[in-house]
Amino acid sequence: MLNWSNKDNSHEASLEHLKQYPKEEYKEIKRIGAIHSQRLSRKHVAVMSVIMFALIFIYYFKTRIPASSSVELVIQVDENSLPVSSGEFINFSRLKQISDDTKNILLALMTVEKLHELLMRNDNIGTDMPTYWVMAKQWICRLKKLGITNFVLFVFIDPSQFKTLTQRQDIEKLIYSKLLDVPINTISNEHKSIITFTTDDISKLILSYSKNTKFHEKYDLLYKNYLDQLQRHDNIIPQEFFTTHWEFITLLKPVIVWKCNILDFNIFFSDLDVVIFNNPTHYVHQSKERKNFDVIFQMESCGDNQDVRPENVKINTGVYFVASSHKAQQFLEFWIEPIVFDILYFFVPTDETITNKHQLSRTETTNDQAILNSLITNERKSQKTSIISLIGFFPVRLFPNRCQFSFLVNEHRSEESKPLKDSLILYHINGVWMTRQKIAFLKQQEGFLSLDHSTLKCL
């Protein structure tokens, strides 16, 4: 048999032994051999092409298409490629314009259901606006009256109300105009004090926190499920939770504070049911509490600082300060880990694999304050001090809650000196559930209101 495909010999060498045949036969055999050689070469090329194409396809399939059953492949998905309807992110760059010389920012958060529709429907915002909007307006008017400019209000908006960055900026300008009583045509796109956020933005913040803190490694199954859900759906957390679910709304606050804090800003957080009498960021900057602590909270407990035993002190998360420091960031990560866990466990669809793994004794989430106080209680029981040692408390006589304020009022009456409010930094109307009751309480206090409630204009 003639070995036409032997690549170790040249074509001419393989024909040498044929010269023994008669001349005519030799020519015919040589001609036939050349034809067979050409045909075999074409077949060889075709076969090799098919093999190469198959190898390329297998490589592409394994590296580009994640297997849903593989945790490792799913976690390697680029979070930036996940579907988000708005396509924009919270404009944190604006914080540089807001902060004062010492990078202090007074921060609050507002969520109002169907806010954009309400603002578009009402040219003259009246008393039919939601009470939470009224509290935000009161908060803003107070700051405006005191000349405080280093503040920002994060406002939730419906991502379906805009499709472009320009449309989002227009909504921000509308909110700014209504809250600060400023003509909308005088507001630039770089207005400072109102920053909007959406459901998509919170999803990105959770991803950012998970990657920054290794949460995605500690709770890999929960995190994998979150990525899977994001890839399948635009909004995996029902939008109504952002405006009607009180516990969920409280969980958002520390997450936003954390992001601002790691951007190197000192954050003084205030709930909207806080009446401010003096700039709290100026007080903190010069206070003895700041010299000793990177994290400072308002006390939840009744009584003075000296009247309450340290082990009985409860934290109020409606008023607190976190410095831009490594220790403060450690504290925030410690606090936010169970918060992000609750968001991914209770507000994102899960299956039995996750519920069986974690087997929680509770069936619903709780709020940011309850989570933090539970963490602190557990730290005390285990006699750990690393986190507890970071926390200081504002003096009650300058930062009273509602219970403490009643105590101060009774004490102040006997002194008959200057008005009590003139000696306060702020007053927190906590312990009153309904916003309408809080507004009614404000109306009873002389000098506490900075808002005309008949017109909802700043006084």
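Questions and answers on how the terms apply to this predicted model follow.

Residues are numbered from 1 along each chain as its sequence is written, and side-chain values use heavy atoms, with hydrogens and water left out. Because the model is predicted, local features need pLDDT of at least 70 and side-chain atom pairs count only at pLDDT 80 or more, while totals for chains, interfaces and linings use all residues.

Q: Why is Q169 called buried?
A: Buried means under 20% relative accessible area, exposed over 50% and partly exposed in between (1.4 Å probe, protein chains only). Q169 has 15% relative accessibility, so Q169 counts as buried. The residue lies in helix α6 (residues 165-180); helices are DSSP runs of H or I with at least four residues, strands are runs of E with at least two, and both are numbered from the N terminus.

Q: Which residues is Q169 in contact with, leaving aside its neighbours within four places in sequence?
A: Contact means heavy atoms within 4.5 Å. By that rule Q169 is in contact with N189 and H191.

Q: Why is K214 called partly exposed?
A: Its relative accessible area is 47%, so K214 falls in between the limits for buried and exposed. K214 lies in the loop between α7 (199-213) and α8 (215-218), and has a positive phi of about 65 degrees although it is not a glycine. Most residues other than glycine have a negative phi.

Q: Is L456, which also has a positive phi, buried or exposed?
A: L456 has a relative accessible area of 4%, so it is buried. Its phi is about 55 degrees, and it lies in the loop between β10 (451-452) and β11 (457-458).

Q: What makes β6 and β7 paired strands?
A: Two strands pair if DSSP finds at least two bridges between them. There are 5 bridges between β6 (residues 295-299) and β7 (residues 315-322), so the two strands pair, and they run antiparallel. I296 stands opposite F321 in β7.

Q: What makes β3 and β8 the edge strands of the open sheet?
A: The sheet has 7 strands in the order β3-β2-β1-β4-β7-β6-β8, with mixed pairing. β3 (194-197) and β8 (391-393) each pair on one side only.

Q: Why is the pair of F215 and Y219 called tilted?
A: Rings of Phe, Tyr and Trp (its six-membered ring) pair if their centres lie within 6.5 Å; planes under 30 degrees apart count as stacked, over 60 as edge-to-face and the rest as tilted. F215 and Y219 are 4.7 Å apart centre to centre with 40 degrees between the planes, so the pair is tilted. Both residues are buried. Ring pairs link them with Y209, W258, F341, Y345 and F346 into a cluster.

Q: How do you know that K103 sits over the ring of F265?
A: A charge sits over a ring if NZ of Lys or CZ of Arg is within 6 Å of the ring centre and within 35 degrees of the ring normal. The charged end of K103 is 4.8 Å from the centre of the F265 ring. R402 lies over the face of F441, at 5.5 Å from the ring centre.

Q: What makes a set of residues a nonpolar core?
A: Its members are buried Ala, Val, Leu, Ile, Met, Phe, Trp, Tyr and Cys residues joined through side-chain atoms within 4.5 Å. The largest core has 65 residues, of which F154, F197 and F331 touch the most other members. Helix α14 (residues 326-346) gives the most to this core, with 11 residues.
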